[in-house]
Amino acid sequence: MNGANVSCFAFKFIRLHKRELCRVRIAGQLCRTHSQHDSLSPGHVLLSSRYMSHRIHRGYSSKSLVKDCRGLLYRNHGEPSHVVKLEPIELPPVGADRVLVKMLAAPINPADINMIQGTYAILPDLPTVGGNEGVGQVAEVGSQVTRLKVGDWVIPRDAGLGDSVIQNAANSGVGQAVIQIAAARGVHTINVVRDRPDLQQLTDRLKAMGATHVIKEETLRRPEMKELFKTCPRPRLALNGVGGKSATELLRHLQTGGTMVTYGGMAKQPVTVPVSALIFKDVKVRGFWVTQWKKDHSQDEVAARGMLDELCTLIRAGKLSAPACTEHSLQDFKKALDAAMQPYTSAKQVLIM
């Protein structure tokens, strides 16, 4: 299939993960070809997919075929033929670890129609390009891409581990460690904290550690989250150290197939999981108890040593540090206990023997 066969164009940016699985970064519209689909009626448009990875054919083009970029976008829900418009899309330059994919063909599935109508259980933020399936052709590749070349054909695939983590109790010792480890790995973090008088100071401190976003509990339930997810991918992992309503809100922002791990329950309230999250988003809810983890891996020196070696490497590189500490003599244990019970504290109380 060459450029002359394609009647309408669309492009998607794809970023490669560690295993060079592809992930779409910007959606574009799927096209149809004169040779294969001239019989389609005007209402049978072909819509875009969201994730690309499986390579199914090797092309022989040595340079990009990019001429322009257009997409079938809808800015509000309604009758598909009325709300879907073919519009130009401006693309940023292809990054070193990304590829640009021109969509070639795609089916229109019932779910695609329902999403446009606004009747599907899970709806994307608007404006958006419709569709979830199709085939595309690599049009440009970044300088660091080694397993794909211009001309390769690709089809949708789930992208695996996401690019972001959302967590509550972000100012806790665990939360601060998550921020630093994620930053070292190039993973975005969405960090939820309780409102407090020194919120700006806390925000600045967490961002200095590598936090991408620091938000209040209340923000989880506000429209501002849609703006946040325009610059940060929805997380596949949520870390819950609070429980109660906070945990429920974390679940709502997970990607489909995402996982929430609960390691604490500071709110002393049960975790409530919406039925819709289980059915339509297939979220997983798990627990983690470090004591049990140690028992389970007591005979597995490789796992324990591997974890410690990685943490020590980060510490030596200055990428991981302990939270601020306040030292107390053993005799002052009551003072230390009282300090540890105070709200809005990020410092660890340490007894010196």
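Where is P127 found? P127 sits in the loop that runs between α3 (110-117) and β7 (128-129). Keep in mind that you're looking at a predicted model. What makes the spot worth a look is the bond just before the proline: L126 and P127 are joined by a cis peptide bond, with omega at about -5°. As a rule, most peptide bonds are trans, and most residues other than glycine have a negative phi.

That second habit has its exceptions here too. Take A169, whose phi is near 50°, a positive value in a residue that isn't glycine. A169 is found in the loop between β10 and α4, and it counts as buried because its relative accessibility is 9%, under the 20% cut-off. Now jump to D282, which also has a positive phi near 50° without being a glycine. Its loop is the one between α8 (275-279) and β15 (284-287). Here the surroundings call for another label: at 41% relative accessibility, D282 counts as partly exposed.

Back to A169 for a moment, since its loop leads to α4. How far apart are the end C-alpha atoms of α4? They are 19 Å apart, which agrees with the 18 Å that the 13 residues of this helix (residues 173-185) should span at 1.5 Å a residue; the expected figure takes 1.5 Å times one less than the number of residues. Plenty of α4 is tucked away: G173, G175, Q176, V178, I179, Q180 and A182 are buried. An α-helix has 3.6 residues a turn, so residues three or four places apart point the same way. As for partners, the buried residues of α4 pack against the strands β10 (164-167), β11 (188-193), β13 (237-240) and β17 (348-352), and also against the helix α5 (199-209). After α4 comes G186, with a positive phi near 75°.

Last stop: H253, in the loop between α7 (244-252) and β14 (259-262). Is H253 buried or exposed? With a relative accessibility of 9%, H253 counts as buried. Leaving out residues up to four places away in sequence, H253 touches I166, L220, M225, F229, R234, P235 and K281. One of these, L220, also offers a polar partner: its backbone oxygen lies 2.8 Å from a polar atom of the H253 side chain. That distance falls within the 3.5 Å used for a polar contact. Another of the neighbours, I166, belongs to β10 (164-167), a strand that the buried residues of α4 pack against.

Key
Residues numbered from 1 in each chain as written. Predicted model: local features only at pLDDT ≥ 70, side-chain atom pairs only at ≥ 80, totals over all residues. Heavy atoms only, no water. Helix = DSSP H or I, 4+ residues; strand = E, 2+ residues; numbered from the N terminus. Buried < 20%, exposed > 50% of the residue type's maximum accessible area, 1.4 Å probe, protein only. Polar contact = N/O pair within 3.5 Å; in protein donor to acceptor, adjacent residues only side chain to side chain. Contact = heavy atoms within 4.5 Å.
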